[in-house]
Amino acid sequence: MTRIQDEIRTRGYSRSELRADAVRGAARVVMRTATLVVVVALGVAATAGWGTPLALGGWTVAAVTGAVGLIAGLLRTLIGDELAPGQGGDLFAALISALLLWSFAATLAFCLSNFFHAHALDRRATLKVTATVSHCVNRGDGGSQCTYRWVAGDHTYSSQDNAERVWPDGHRVTVRIDPAHPDRPAQVTRNYWALWVGVAVGALGSLVAALMTWRAESDLDE
């Protein structure tokens, strides 16, 4: 035991430093595992269907795992700077790049899931009916939003959706509904450019952030 202690002292390590180094190593494993779990969970959320239990579970797992990874990353940064002054900046950069990766991956998952959902609604909405417009509001850069009311099978239904302009109450427009489920939201003229911008930003940002994370971790392993 004395010989081992002498070797530790010779190499300049104390027991507290060894414990701190072990904690930092464990935090690194937790953070890397968290990144993998977050990406997989977001992939599940993006493809499982809008609002389904599986999709909600994917978002929940991603959020919880991301919180754990953030704590591990902060702990790793603080301990790393204590062991090697000046290294904290590199560890903090690795943490920031991982957070960027999670954020861009979440953006990609949300926009993809929203697109799949809206596109599925459009495909099922094959019956054209006349709807009465009311309660239109201008949301600024978000465009206008109106309430649409229509009659199908002696029942009146309503939903809210975007509008080309702030229509006056009582204005009538043609919308599409799902004939098998007339209670589902009516489909108004829709474009997907905002969702596609989100998909492009999320995909490109995820790729760049993944490369940044890999580079930062590789530098720390050297």
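How many bridges join E1 to E4? The count is 6, and the two strands run antiparallel. Two strands pair if DSSP finds at least two bridges between them. This is a predicted model, in which local features need pLDDT of at least 70 and side-chain atom pairs count only at pLDDT 80 or more, while totals for chains, interfaces and linings use all residues. Residues are numbered from 1 along each chain as its sequence is written, and side-chain values use heavy atoms, with hydrogens and water left out.

Start with the whole chain. It has 5 helices and 4 strands. Helices (H or I, at least four residues) and strands (E, at least two) are DSSP runs, numbered from the N terminus. In order from that end, the elements read α-α-α-α-β-β-β-β-α. The chain has 222 residues, and buried ones make up 35% of them. Buried means under 20% relative accessible area, exposed means over 50%, and partly exposed lies in between (1.4 Å probe, protein chains only). Contact means heavy atoms within 4.5 Å. Take the contacts between residues at least 6 apart in sequence: 65% of them join residues at least 24 apart.

Now return to the strands. E1 spans residues 127-138, and E4 spans residues 172-177. One bridge between them sets Leu127 against Ile177 in E4. Follow the side chains along E4 and they alternate. Val173, Val175 and Ile177 point to one face and are buried. Arg172, Thr174 and Arg176 point to the other face and are not buried.

E2 and E3 also pair in the antiparallel sense, over 9 bridges. In this pairing, Cys146 stands opposite Asp161 in E3. The two strands form a hairpin with 2 residues between them. Gly153 sits in the turn and has a positive phi of about 60 degrees.

What do the strands give to the interior? A nonpolar core is a set of buried Ala, Val, Leu, Ile, Met, Phe, Trp, Tyr and Cys residues joined through side-chain atoms within 4.5 Å. The largest one holds 16 residues. Within this core, Val133, Cys146, Tyr148, Trp150, Trp167, Val175 and Ile177 touch the most other members. E1, E2 (144-152), E3 (155-163) and E4 are the elements that each give two or more residues to this core. Apart from it lies another core, of 14 residues, including Met31, Ala62, Ala98 and Ala109. Look again at Trp167: setting aside neighbours within four places in sequence, Trp167 contacts Val133, Cys136 and Cys146.

Two residues of E1 deserve a closer look. Is Ser134 buried or exposed? Ser134 counts as buried because its relative accessible area is 9%. His135 is also in strand E1. His135 counts as exposed because its relative accessible area is 53%. The side chains of these two residues make a polar contact of 3.1 Å. A polar contact is a pair of N or O atoms within 3.5 Å; within protein, one must be able to donate a hydrogen and the other to accept it, and residues adjacent in sequence count only if both atoms are side-chain atoms. Ser134 has another polar contact, of 2.8 Å, side chain to side chain with Arg149. Beyond four places in sequence, Ser134 touches Cys146, Thr147, Arg149 and Asp169. With the same neighbours left out, His135 touches Gln145, Cys146, Thr147, Arg149 and Asp169.

Next, move past the end of E4. Asp178 lies in the loop between E4 and helix H5 (193-221). Asp178 is buried, since its relative accessible area is 9%. Its side chain makes a polar contact of 3.3 Å with the side chain of Arg184. Outside four places in sequence, Asp178 is in contact with Arg124, Ala125 and Arg184.

Asp178 also helps to line the largest cavity, along with Leu121, Arg124, Ala125, Ile177, His181, Arg184, Pro185 and Gln187. On a 1 Å grid over the protein atoms alone, a cavity is a set of points where a 1.4 Å probe fits but cannot get out, and lining residues have an atom within 4 Å of a point. The count is 1 cavity of 30 Å³ or more. The largest cavity has a volume of about 50 Å³. Grid points are joined across faces, edges and corners, and a volume is the space filled by probe spheres set on the points.

Finish with a helix. Leu100 lies in H4 (residues 88-124). Leu100 counts as partly exposed because its relative accessibility is 34%. Beyond four places in sequence, Leu100 touches Ala209 and Met212. Leu100 and Ala209 are 109 residues apart in sequence, yet their C-alpha atoms are 5.9 Å apart in space.

Technical notes: 1 Å grid on protein atoms, 1.4 Å probe; cavity = no way out; pocket = protein on both sides within 12 Å on 5 of 7 lines; lining within 4 Å.
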